[in-house]
Amino acid sequence: MREALFTRRIGLKMQLLVITFLFTFSSYAFIVNNLSTDVSVGVMTIAAQGKGGGKSVKKAAAAKVQKSDDSRPYDKIDPEFRNIGPGFGGKNAVPFWIALVVFLLAMGGVVKGKSKPVKGISGVVALIALGVISYVTYWEARALGRQQGYAPVQPIWFSHKVHVTQNKIDCEYCHVDVRSSRHAGIPSLNVCLNCHSVVNKGKRSGTKEISKIYDYLGYNPKTKQFDKPGKPIEWIKVHNLPDHVYFSHAQHVQAGKVDCQECHGPVEKMNRVVEYKELSMKFCLDCHRKRNIITDNQYYALYKFHLKPGEKPKVKDIGGQDCSACHY
Ligand code: HEC
Ligand code: HEC
Ligand code: HEC
Ligand code: HEC
Ligand code: HEC
């Protein structure tokens, strides 16, 4: 009897421990994840300035981002690009919180239930809820270190929708290096000036954002001279593979004839650039396993010679699955 009571005590304590652990861990993950999409930018800037630490930094960062959002009402993530990918702040938030509440209630039933059937049913419900929580946590864990859905606020509100869709500017007008280099490149502000020396007002942001181009360049739109001191603009990088991965745009866009949208999603519809795809190793390999290479460029002249008639080699056949192709 005494022994039974003892194990029951341990059981209760264990249960409490598990609940507390789950709750704190998940809440932590939830917050971290929320921070990673919007606020982390602010956290980084503030942390870089060396002000404060811990919570106050996050609060200050949140306030900062909030402020920059408020003062730029046009700079919202477009509704269709919100909540992309996993992330407690994303599509997993609602099922997660519901499952957590159900789990806690059911655990209450298990511990305090008056009869065996009540305890039994509570136990089953708790297990199911725990399953949902674990499933969400699994997707969260998979997404750690990746940034699908990341959409930082940029120093100038530059909209791809306004430029690409409404004004029909080609991607490569600005991202000039995309066919010849590893990097697509971000245009220098002088490229913007090609048009914005004339266009000094936008329909949505008025002169506020376009005049920033002049400020950064030290350009005086009245005299059309560079007569002021300028400063370099710091665009915030959206897509960022880990350092151990090698990726080249030229290989894909020029040789492989892969569309930008296959990896970046519908950028032409975005007012604020969002990392649309997961950019995981699976993402790269899934395509390399299925995609045929395009052999009509000179590089494959000799290779083609050795193919059987009608044979269509895939990227994996030319080494697209070798670890060393993508990893240093
Ligand atoms: C008028 C110039 C211009 C045109 C045209 C343009 N872009 Fe951009 N693009 C920029 C600038 C400036 C940035 C950096 C600011 C930002 O991220 O919004 C950028 C950022 C990006 C990024 C995010 C880069 C990062 O930090 O990871 C992607 C992806 C991108 N562009 C793809 C495209 C695609 C695809 C097209 C064509 C459909 C296109 N761009 C057309 C100027 C342009
Ligand atoms: C090929 C011409 C061209 C280039 C290059 C160009 N823009 Fe524009 N931009 C336009 C046009 C046209 C508009 C639309 C003005 C309007 O709303 O009527 C515009 C609008 C804007 C607006 C205001 C949008 C609004 O609705 O308020 C901003 C901000 C802007 N551009 C920034 C940039 C930046 C930054 C660059 C360089 C990375 C750039 N533009 C390059 C043609 C260009
Ligand atoms: C096969 C996938 C793929 C295709 C196709 C692709 N990109 Fe990218 N892009 C990436 C990846 C991955 C990164 C991140 C690179 C890194 O962090 O090293 C990136 C980064 C960028 C950046 C940020 C600056 C840079 O070069 O790192 C820009 C801008 C960009 N891409 C524009 C484009 C445009 C424009 C096109 C089409 C002409 C295009 N991309 C086609 C995968 C792709
Ligand atoms: C939508 C399809 C697609 C995706 C997604 C894609 N690739 Fe590729 N990749 C290709 C094609 C097509 C080629 C072959 C180009 C050629 O003919 O040289 C290629 C070739 C390569 C090569 C050269 C392989 C070799 O042995 O010659 C590397 C490295 C590479 N890709 C890395 C990546 C990485 C890293 C990613 C993920 C971030 C990625 N790719 C995503 C289509 C894709
Ligand atoms: C087509 C390109 C490509 C090939 C081939 C490739 N990888 Fe990767 N690998 C990646 C990318 C991209 C990432 C980064 C994924 C991320 O950020 O989540 C990665 C990440 C990793 C990681 C870090 C863990 C992770 O998931 O983030 C390991 C370990 C790894 N690769 C091992 C390998 C091994 C072993 C091979 C050979 C069997 C291989 N890779 C082949 C593209 C590739």
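The expected span of a helix is 1.5 Å times one less than its number of residues. Keep that rule handy, because it gives 28 Å for the 20 residues of α3, and the end C-alpha atoms of that helix sit 29 Å apart, which agrees. One thing to know before going on: what you're looking at is a predicted model. Below, we look at α3, then at one loop residue, then at the surroundings of three ligands.

**Helix α3**

- α3 runs from residue 93 to residue 112.
- Its buried residues are F96, A99, L100, F103, A106, M107 and V110. These cover an arc of only 140° around the axis, so they end up on the same side of α3.
- Flip to the other side of α3 and you'll find V94, I98, V101 and K112, which are exposed.

**E80, a loop residue**

- You'll find E80 in the loop between α2 (54-70) and α3.
- Is E80 buried or exposed? A residue is exposed if 12 or fewer other C-beta atoms lie within 10 Å of its own. E80 has 11 such neighbours, so it counts as exposed.
- Along the chain, E80 and M270 are 190 residues apart, yet 9.1 Å is what separates their C-alpha atoms.

**Around ligand 2**

- Ligand 2 has 22 residues around it, and the closest are C192, C195, G202, S205 and E209.
- Two or more residues of this shell come from each of α5 (160-166), α7 (189-196) and α8 (210-217). The largest share belongs to α7, with five residues.
- Sorted by class, the shell around ligand 2 holds twelve nonpolar, seven polar and three charged residues.

**Around ligand 3**

- Here 20 residues make up the surroundings, with H183, A184, H239, C260 and C263 coming nearest to ligand 3.
- α9 and α10 are the elements that give two or more residues to this shell. Which of the elements gives the most? That's α10, with four residues.
- Eleven residues of the shell around ligand 3 are nonpolar, eight are polar and one is charged.

**Around ligand 4**

- For ligand 4 there are 24 residues in the surroundings, and A255, G256, C284, C287 and G319 come nearest.
- Four helices each supply at least two residues of this shell: α9 (249-255), α10 (260-264), α11 (281-290) and α13 (323-326). With four residues, α11 has the largest share.
- By class, the shell around ligand 4 splits into 16 nonpolar, six polar and two charged residues.

Methods: Residues are numbered from 1 along each chain as its sequence is written. Chains are lettered from A and ligands numbered from 1 in the order in which they are written. This is a predicted model: local features need pLDDT of at least 70, side-chain atom pairs count only at pLDDT 80 or more; totals for chains, interfaces and linings use all residues. A residue is near a molecule or strand if its C-beta atom, placed from the backbone, lies within 6 Å of it. Ala, Val, Leu, Ile, Met, Phe, Trp, Tyr, Cys and Pro count as nonpolar, Asp, Glu, Lys and Arg as charged, and the others, Gly among them, as polar. A residue is buried if 20 or more other C-beta atoms lie within 10 Å of its own, exposed if 12 or fewer, and partly exposed in between; C-beta atoms are placed from the backbone. The arc is that of the directions from the helix axis to the C-beta atoms.
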